[in-house]
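Trainee: I have the sequence and the coordinates open, and I'd like to go through them with you. Could we start with the pocket?

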Amino acid sequence: LQSRQELKNIIIVCPKALVQKWKAEMKRFDEDFEILTAETLRYCLKETHSDGIWPHKYARSIVHIELLRREEYLKGTEGRSPLHGLQTLNPPPQFDLLIVDESHHLRTPESNTHELANFLCSVSDTVVFLTATPIQLGSENLFTLLNLLRPDQFLDETGFEEMIIPNRYI
């Protein structure tokens, strides 16, 4: 993708246990990514609220999903020290590329994880979901993931079921 267009803002979302592995893997390709901690994520949210853009220093970031899906970072908090959440930023951050590792964790529609993924997909030009875990719980989980990636193509489960009929024997 980078050979076809300039990629300014890239965010990699993965489980906490994989953050260091992703950083090391990206270094193999001469790519330097910053790891977002609670403190640096708060900084990015504050700066994006103030300036309207994601901070340049964190334009290439890796963040663990357990942190990003927390209510305070997703929706924000009010009170003595208010915090803007990703969903409350206006304008929202824009990402050229979103990579989600272990994306099978996004399959529960009523969860903060799914809500986070839905938001990030909506503010990202290109999205890549990675998982080595087979989805064997039925086609509704596959539909949920495909709907996140391409809501224009996978509108509802009924239409999706009709799409997969030709593949039932495979």
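Mentor: Let us first fix the term: a pocket here is an open set of grid points, on a 1 Å grid over the protein atoms alone, with protein on both sides within 12 Å along at least five of seven lines. Please also keep in mind that this is a predicted model.

Trainee: Fine, so what volume does the largest pocket have?

Mentor: The largest pocket has a volume of about 250 Å³. Its lining is made up of 14 residues, and those closest to the centre are Lys8, Asn9, Trp54, His56 and Ala59.

Trainee: And how do the residues of that lining divide into nonpolar, polar and charged?

Mentor: Seven residues of the lining are nonpolar, four are polar and three are charged.

Trainee: Switching topic, how many helices and strands are there in the protein?

Mentor: The protein has seven helices and seven strands, and read from the N terminus the elements follow the order β-α-β-α-β-α-α-β-β-β-α-β-α-α.

Trainee: What about strand S6, is it buried or exposed?

Mentor: Strand S6, residues 95-101, has seven of its seven residues buried, so it is largely enclosed by the rest of the structure.

Trainee: Which strands does S6 pair with?

Mentor: S6 pairs with strand S1, residues 10-14, in the parallel sense over four bridges, and Ile11 has Leu98 of S6 as its bridge partner. S6 is also joined to strand S7, residues 124-130, by six bridges, and these two strands run parallel as well, with Phe95 standing opposite Ser124 in S7.

Trainee: How does the chain cross from S6 to S7?

Mentor: The chain passes from S6 through helix H5, residues 112-122, before it reaches S7, and this β-α-β crossover is right-handed.

Trainee: Another one: where is His64 found, and is it buried or exposed?

Mentor: His64 is found in strand S3, which covers residues 60-64. The relative accessibility of His64 is 15%, and because buried means under 20%, His64 counts as buried.

Trainee: Which residues does His64 touch, not counting those up to four places away in sequence?

Mentor: With those sequence neighbours set aside, His64 touches Cys14, Pro15, Lys16 and Val19.

Trainee: Last thing, what share of the protein's residues count as buried, and what share of the contacts join residues at least 24 apart?

Mentor: Of the 170 residues of the protein, 41% count as buried. Among contacts between residues at least 6 apart in sequence, 67% join residues that are at least 24 apart.

Definitions and conventions: Residues are numbered from 1 along each chain as its sequence is written. This is a predicted model: local features need pLDDT of at least 70, side-chain atom pairs count only at pLDDT 80 or more; totals for chains, interfaces and linings use all residues. Side-chain values use heavy atoms; hydrogens and water are left out. On a 1 Å grid over the protein atoms alone, a cavity is a set of points where a 1.4 Å probe fits but cannot get out, and a pocket is an open set with protein on both sides within 12 Å along at least five of seven lines; lining residues have an atom within 4 Å of a point. Grid points are joined across faces, edges and corners, and a volume is the space filled by probe spheres set on the points. Ala, Val, Leu, Ile, Met, Phe, Trp, Tyr, Cys and Pro count as nonpolar, Asp, Glu, Lys and Arg as charged, and the others, Gly among them, as polar. Buried means under 20% relative accessible area, exposed over 50%, partly exposed in between (1.4 Å probe, protein chains only). Two strands pair if DSSP finds at least two bridges between them. A crossover is right-handed if, with the strands pointing away from the viewer, the path from the first strand over the helix to the second runs clockwise. Contact means heavy atoms within 4.5 Å.
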